[in-house]
Amino acid sequence: MFLFAQGPPRALLGWRCEGVLWLMPEASVLIVESDPDRVEADLAAGSVSCPSCEGVLRRWGFARWRTLRGRDRSVAVRPRRARCRSCRSTHVLLPDVLLVRRVDTAEVIGAALAYAATSGAGHRRVAQRVGRPSSTVRDWLARFRDVALRAAAHFAAWANHFDPMVAPILPAGSPFADAVEAVGVAARAASLRLGSRPVWSWASVLTVGALLSNTNSNWLAS
Ligand SMILES: [Zn+2]
């Protein structure tokens, strides 16, 4: 089951089929589900579409192993590489547990953002809460604050895309908190429409892993 789109705002019009696949054409990255067996099965079945041309992606080796810092343990992942049978471009299929160029999992980063939003705590208290260095957490919070207004609009648009009847997202007190709220609403709507995933996995999927990236943030375009 894959979802295909071209990144906002075109993404909002870009469904090709139901399911879960996301792309950022310039970076040749796709966010897929976190279960490697499912990814293998989908590739074997030819159900993963090329982000460049919609051709069929086939297995094409692996990207390097990387170790992520999960909530209470390390998570080792070795993303699949895939190659398009039609245009021969290659792509990296990243599991939705991660954000691009972040060592901590999306779950951990999301927990920090959510706690900051609901508590109003500064980066030191948030860092204590999630057990990460305060300098790291300060960077997450600052980056998210930078993109908060656009992120709120982005995720609200996705929520509406998945569920046109979704209730309006209520103001949460700050642009930062509004953006976290919008992530939650979009994730719930996406899980209902396409199958359950954790909230911050959806945040990765819907930003092609670039929720906190300084570069390749074309999900924020427009
Ligand atoms: Zn292709």
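**Note on the predicted model**

1. A hairpin links β4 to β5 through four residues. The two strands, β4 at residues 66–69 and β5 at residues 74–77, run antiparallel and are joined by four bridges. Within this pairing, Thr-67 stands opposite Ala-76 of β5. The model discussed here is predicted.

2. On the overall fold: the protein chain has six helices and seven strands. In sequence order the pattern is β-β-α-β-β-β-β-β-α-α-α-α-α. Of its 222 residues, 45% count as buried. Among contacts between residues at least 6 apart in sequence, 59% join residues at least 24 apart.

3. Helix α4 deserves a check by eye. The helix covers residues 134–162, 29 residues in total, yet its end C-alpha atoms are only 36 Å apart, where a straight helix at 1.5 Å a residue would reach 42 Å. A kink of about 65° is present in α4, with its centre on Ala-148.

4. Which residues of the largest nonpolar core touch the most other members? They are Ala-112, Phe-155, Ala-182 and Ala-186, in a core of 62 residues. Two or more residues come from each of β2 (29–32), β6 (80–84), β7 (90–95), α2 (106–119), α3 (123–130), α4, α5 and α6 (199–205). The largest share, 13 residues, is that of α4. Domain 1 (10–95) and domain 2 (106–212) both contribute residues, so this core lies between them.

5. Ala-112 can be followed further. Apart from neighbours within four places in sequence, Ala-112 is in contact with Val-126, Val-130, Val-137 and Trp-140. Ala-112 is also one of the four residues named above as touching the most other members of the core.

6. Asp-163 is located in the loop between α4 and α5, the latter being residues 175–194. Is Asp-163 buried, exposed or partly exposed? Asp-163 counts as partly exposed because 16 C-beta neighbours lie inside 10 Å, while 20 or more would make a residue buried and 12 or fewer would make it exposed.

7. The surroundings of Asp-163 include residues further along the chain. Leaving out residues up to four places away in sequence, Asp-163 touches Ala-189, Leu-192 and Arg-193. The C-alpha atoms of Asp-163 and Arg-188 are separated by 9.6 Å, with their positions 25 residues apart along the chain.

Methods. Residues numbered from 1 in each chain as written. Predicted model: local features only at pLDDT ≥ 70, side-chain atom pairs only at ≥ 80, totals over all residues. Expected span 1.5 Å × (residues − 1). Bend = angle between axes of the 7 residues up to and from the residue. Contact = placed C-beta atoms within 7 Å. Core = buried A, V, L, I, M, F, W, Y, C linked by C-beta atoms within 7 Å. Domains from an automatic or database assignment. Pairing = 2+ DSSP bridges.
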